[in-house]
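The following exercises are to be worked through with the sequence and the three-dimensional structure at hand. Each task is followed by a solution in steps.

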Amino acid sequence: MQTKIPFDMRPEIAEAEEIIRNCVHCGFCNATCPTYRLFGSELEGPRGRIYLVKSLLEGNEAGEKTKGHLERCLTCRSCESTCPSGVKYSRLVHIGRGMLEKSFPEKLKNRMLLAVLPHPQRFSKFAALIRPLKPLLPSGAKYALSGKDKSRPAANHSRGLLLLEGCVQSVASPSTNASASRVLDVLGISALPVSGCCGAMHYHMGEEEEAKAMMRRNIDQWWPHVLDGAEAVVSTASGCGLMVKEYGEVLRSDPEYAEKAEKISKLARDIGEVLDGEDFRAFGDRGKERKVAFHCPCTLQHGQKLGGLVERLLSSCGFRLARVENPHLCCGAAGTYSLTQREISERLATDKVESLEADSPEIIVTSNIGCQIQIAAHSKIEVAHWIELLDQPKKGKP
Ligand code: SF4
Ligand code: SF4
């Protein structure tokens, strides 16, 4: 795509221009875009949004309509998986949103979400406060308030890794990391829990400086363990895992943190990647032919490019995988999207749950807390993180 962007010293402007120039406007990406599929409009698809950011960079004034088109993007990156030219769409839309943020300051609702969700202690207190109202709350909120913890093994193996507790997951589904710790224990690996939010929520809502501050705090907290030989920085929430894998890119111009951020990103692993390298015989009988439907989060398949990994692990443990139509499409959770774009999110969730339930699975599993809450809110079938399936040899059910 040709550009006429006036000279600008800011590195992100040069980066955006390069991304736009890689686009050959073939439109293949529109075919796999969830919002293009819903609205059938060019400006609700990736190619149209690339034009909008290009227009912004060329100095044209943006209105509320442009902002709306960019806000309705889920940043699911399905378009990136389809694009034959390797256009880094999500980075471009992030730069575009950052520019718009200056002209249209953030809504109060967004500020309130950022003030609570990424802070586990505040979120936990807030959850305790509204728990008495549980019967009156929407089903997603009910699910998020029902998280129960499980016991964890003591850390005493020669091999060790850091396990990110995250923010929302640590409150809404603490059993996920408890299961991960126990599965790792069986494999002879100690999981050291580390607290804190990865910064993804702030980053994707245009609060880049606060997001970077959170990333630096995390690096400071994790670094002594890295020096002590931690094998990996592991996440059971693929959205957080993807963010940590991008610390190196986000902090690349930071003279003090660039090198450490790069190292942390290289150590970042999804729990599926950790298990993939291990001897799986201990889990071979977990499945017992149970039929499970797996929802692969966008952050795992399009972001981390790990589509098929969990499905393979589950099959190797004896689970039968239910057929799922359109597995590339987003469930509509997408960070805070389910709270800020409720109507579109509802439509996507309804379609997703229909496809997950179609082959009558016994349970639906996924690997990101946002998707887990979203699907549980719309499905009558039990929903869990897939790692919990491996943590139940005797009872057979998570
Ligand atoms: S598929 Fe890639 S190259 Fe083609 S229009 Fe979309 S972003 Fe541009
Ligand atoms: S990130 Fe997702 S919603 Fe946004 S343009 Fe790409 S495919 Fe469409």
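**Exercise 1. The surroundings of ligand 2**

Determine how many residues surround ligand 2, which of them are closest, and which elements contribute to the shell.

Solution. Step one is to list the shell: ligand 2 is surrounded by 14 residues, and the closest are Cys33, Pro46, Cys73, Cys76 and Cys79. Step two assigns the shell to secondary structure: α2 (34-39), α3 (46-57) and α5 (78-82) are the elements that give two or more residues to it. Step three sorts the shell around ligand 2 by class, which yields eight nonpolar, four polar and two charged residues. It should be kept in mind that the model is a predicted one.

**Exercise 2. The surroundings of ligand 1**

Carry out the analysis for ligand 1: how many residues surround it, and which are closest?

Solution. First, the shell around ligand 1 holds 14 residues, of which Cys23, Cys26, Cys29, Cys83 and Val87 are the closest. Next, sorting the shell around ligand 1 by class gives nine nonpolar, four polar and one charged.

**Exercise 3. The chain as a whole**

State how many helices and strands the chain has, and what share of the residues is buried.

Solution. Counting the secondary structure gives 23 helices and eight strands. The chain has 398 residues, and 46% of them count as buried. As a last step, consider the contacts with a separation of 6 or more: 74% of these are accounted for by residues 24 or more positions apart.

**Exercise 4. Packing of α1 and α3**

Find the angle at which helix α1 packs with α3, and classify the arrangement.

Solution. Begin with the geometry: helix α1 (residues 11-22) and α3 pack at an angle of about 140 degrees, and their axes are 11 Å apart. Angles over 145 degrees would count as roughly antiparallel; α1 is therefore oblique to α3. The crossing in which α1 passes α3 is left-handed. The contact is then read off residue by residue: Ile13, Ala16, Glu17 and Ile20 of α1 meet Ile50, Val53, Lys54 and Leu57 of α3. By class, the contact of α1 with α3 comprises six nonpolar, no polar and two charged residues. The spacing along a helix can be understood from a general rule: an α-helix has 3.6 residues a turn, so residues three or four places apart point the same way.

**Exercise 5. Packing of α13 and α16**

Which residues make the contact between α13 and α16, and at what angle do these helices pack?

Solution. Helix α13 (residues 208-227) and helix α16 (residues 258-267) have axes 10 Å apart and pack at an angle of about 70 degrees. This value makes α13 roughly perpendicular to α16. On the α13 side the contact is made by Met215, Ile219, Trp222, Trp223 and Val226, and on the α16 side by Lys260, Ala261, Lys263, Ile264 and Leu267. Sorted by class, the contact of α13 with α16 has eight nonpolar, no polar and two charged residues.

**Exercise 6. Another residue of α13**

Gln221 is also found in helix α13. Establish whether Gln221 is buried, partly exposed or exposed, and what Gln221 contacts.

Solution. Gln221 counts as partly exposed because it has 13 C-beta neighbours inside 10 Å. Leaving aside neighbours within four places in sequence, Gln221 is in contact with Val194 and Gly196. Gln221 and Ser195, 26 residues apart in sequence, are 9.0 Å apart in space, C-alpha to C-alpha.

**Exercise 7. Burial of α22**

Explain why helix α22 can be described as largely enclosed.

Solution. Count the buried residues of helix α22 (residues 369-378): 10 of the 10 are buried, so the helix is largely enclosed by the rest of the structure. Among the buried residues of α22 are Cys371, Gln372, Gln374 and His378.

**Exercise 8. Positive phi angles**

Identify where His25 and Glu289 lie, and decide whether they are buried or exposed.

Solution. Most residues other than glycine have a negative phi. His25, which is not a glycine, has a positive phi of about 40 degrees. His25 lies in the loop between α1 and α2 and is exposed, with 11 other C-beta atoms within 10 Å. For Glu289, phi is positive and near 65 degrees. Glu289 is in the loop between α17 (271-276) and β5 (291-295), and Glu289 is exposed, with 7 other C-beta atoms within 10 Å.

Methods
Residues numbered from 1 in each chain as written. Chains lettered and ligands numbered in written order. Predicted model: local features only at pLDDT ≥ 70, side-chain atom pairs only at ≥ 80, totals over all residues. Near = placed C-beta within 6 Å. Helix = DSSP H or I, 4+ residues; strand = E, 2+ residues; numbered from the N terminus. Nonpolar A, V, L, I, M, F, W, Y, C, P; charged D, E, K, R; others polar. Axes fitted to C-alpha atoms, helices over the stretch in contact; angles between N-to-C directions. Parallel < 35°, antiparallel > 145°, perpendicular 65-115°, else oblique. Left-handed = near helix turned anticlockwise from the far one by under 90°. Contact = placed C-beta atoms within 7 Å. Buried ≥ 20, exposed ≤ 12 C-beta atoms within 10 Å, placed from the backbone.
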